[in-house]
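Reader: Could you take me through this chain, beginning with its overall division and then going into local detail?

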Amino acid sequence: MPAHTEQPITATAAPTVTVLGLGPMGRALAGAFLDAGLRTTVWNRTPGRDAELVARGAIGAGSAEEAVAASALTVVCVVNYDASDAVLRSPAVTDALKGRTVVSLTADTPDRARDTAVWAAGHGVGYLDGAIMTPTTTIGTPDAVFIHSGPEDLYLTHRPVLDALGGTHTHLGEDIGRAAAYDIALLDLFWTTIAGYTHALALARAEGVTARELTPFAQGIAAILPPLFEAGAEETDSGRHSGEGNPLTSAVSSMAHVVHVSESHGIDASVMRSAEGVARRAIGLGHGTDGFTRLAEVLGRR
Ligand SMILES: NC(=O)c1ccc[n+]([C@@H]2O[C@H](COP(=O)([O-])OP(=O)(O)OC[C@H]3O[C@@H](n4cnc5c(N)ncnc54)[C@H](OP(=O)(O)O)[C@@H]3O)[C@@H](O)[C@H]2O)c1
């Protein structure tokens, strides 16, 4: 396997970066690089999406290989790894990437990141995987949150360019799949929370409660979560699962109410039915006096 060797950059050269993929997030990333004064080259599969960035000073490349050849660091931010493979693994782009580094801020699975690491090592390409945990509006601001994994030396080399994106950057370790592992768990949390929120809106509406009326109380529920996560981490990692104050036998009863009222209004309750099913399984296994963190352990049993 050819070893990855960084292309030399002279101390006086202006920092450069290339962004592949100009969807909403790719455009936000490129915009932040431009705002930070980096010489920013951009490319997108569908032409024309670079117009506003070019007007702001970006260099619009005519091809992906031309784009990656312009910078020591390429940030790829497309819909998934099928899309990034289609771009990066074309022979001309792979060839142009030799001795350069790709940071993927494209969301996908840990296995896709590991597969890409093998491909990158085999072609002399430096590769870091990353994930963006906040929306486009945060990019370039202190509120942006980025996580990264892969070779630490490569991360430290390119950290000054990544810092132009604002926010916090956390290197989670050398295992290239680790950022995607965090991402997938956090996406699970986000989308099941949104599924619960939208379901609650439908249920409230069926009961004649407007979203506006519900909002201050919904925000109260959200405020309960951070301390719950603190306690949940302690209980999960210690395996104690204390149900003091809210045992599963009590929790399952309120889940059943949600199912009952939803279905009485003809509202699909399959998500809560599924959650209730897991809780009943845990109770059946003798964990009725445990707290909700026991459910993670039961879910993880094969
Ligand atoms: N938007 C957010 O708030 C947010 C937040 C966190 C993370 N992310 C992650 O950021 C990544 C990009 O998201 P996004 O919001 O910019 O929109 P997106 O819809 O996920 O991705 C759009 C980009 O993917 C490109 N693309 C799709 N299929 C392609 C293919 N086969 N070959 C080459 N390019 C292809 C599109 O090019 P065309 O224009 O040619 O279709 C466009 O540049 C995703 O992985 C997403 O999960 C987004």
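Reader: How far apart do the C-alpha centres of domain 1 and domain 2 lie?

Author: In this predicted model, the domain assignment of the chain gives domain 1 as residues 16-174 and domain 2 as residues 210-299. Taking the C-alpha centres of domain 1 and domain 2, the distance that separates them is 39 Å.

Reader: Where does H9 bend?

Author: Helix H9 has 28 residues and reaches 39 Å from its first C-alpha to its last, close to the 40 Å expected at 1.5 Å a residue. The helix nevertheless has a bend of about 30°, and the residue at which this is found is Pro227.

Reader: Does H9 lie largely in the open or largely buried, and what number of its residues is buried?

Author: A residue is buried if 20 or more other C-beta atoms lie within 10 Å of its own. Of the 28 residues of H9, so few reach that state that the helix lies largely in the open, the number buried being 1.

Reader: Is His241, in the loop between helix H9 and helix H10, buried or exposed?

Author: Just after H9, Gly239 takes a positive phi of about 75°, and the phi of His241, a residue other than glycine, is also positive, near 50°. Most residues other than glycine have a negative phi. Because His241 has 21 C-beta neighbours inside 10 Å, it counts as buried.

Reader: Which elements give two or more residues to the shell around the ligand?

Author: Of the 22 residues around the ligand, those that come nearest are Gly23, Met25, Arg45, Thr46 and Ala83. The elements that give two or more residues to this shell are helix H1 (24-35) and helix H4 (81-88).

Methods: Residues are numbered from 1 along each chain as its sequence is written. This is a predicted model: local features need pLDDT of at least 70, side-chain atom pairs count only at pLDDT 80 or more; totals for chains, interfaces and linings use all residues. A residue is buried if 20 or more other C-beta atoms lie within 10 Å of its own, exposed if 12 or fewer, and partly exposed in between; C-beta atoms are placed from the backbone. A residue is near a molecule or strand if its C-beta atom, placed from the backbone, lies within 6 Å of it. Helices (H or I, at least four residues) and strands (E, at least two) are DSSP runs, numbered from the N terminus. Domain bounds come from an automatic or database domain assignment. The expected span of a helix is 1.5 Å times one less than its number of residues. The bend at a residue is the angle between axes fitted to the seven residues ending there and the seven starting there.
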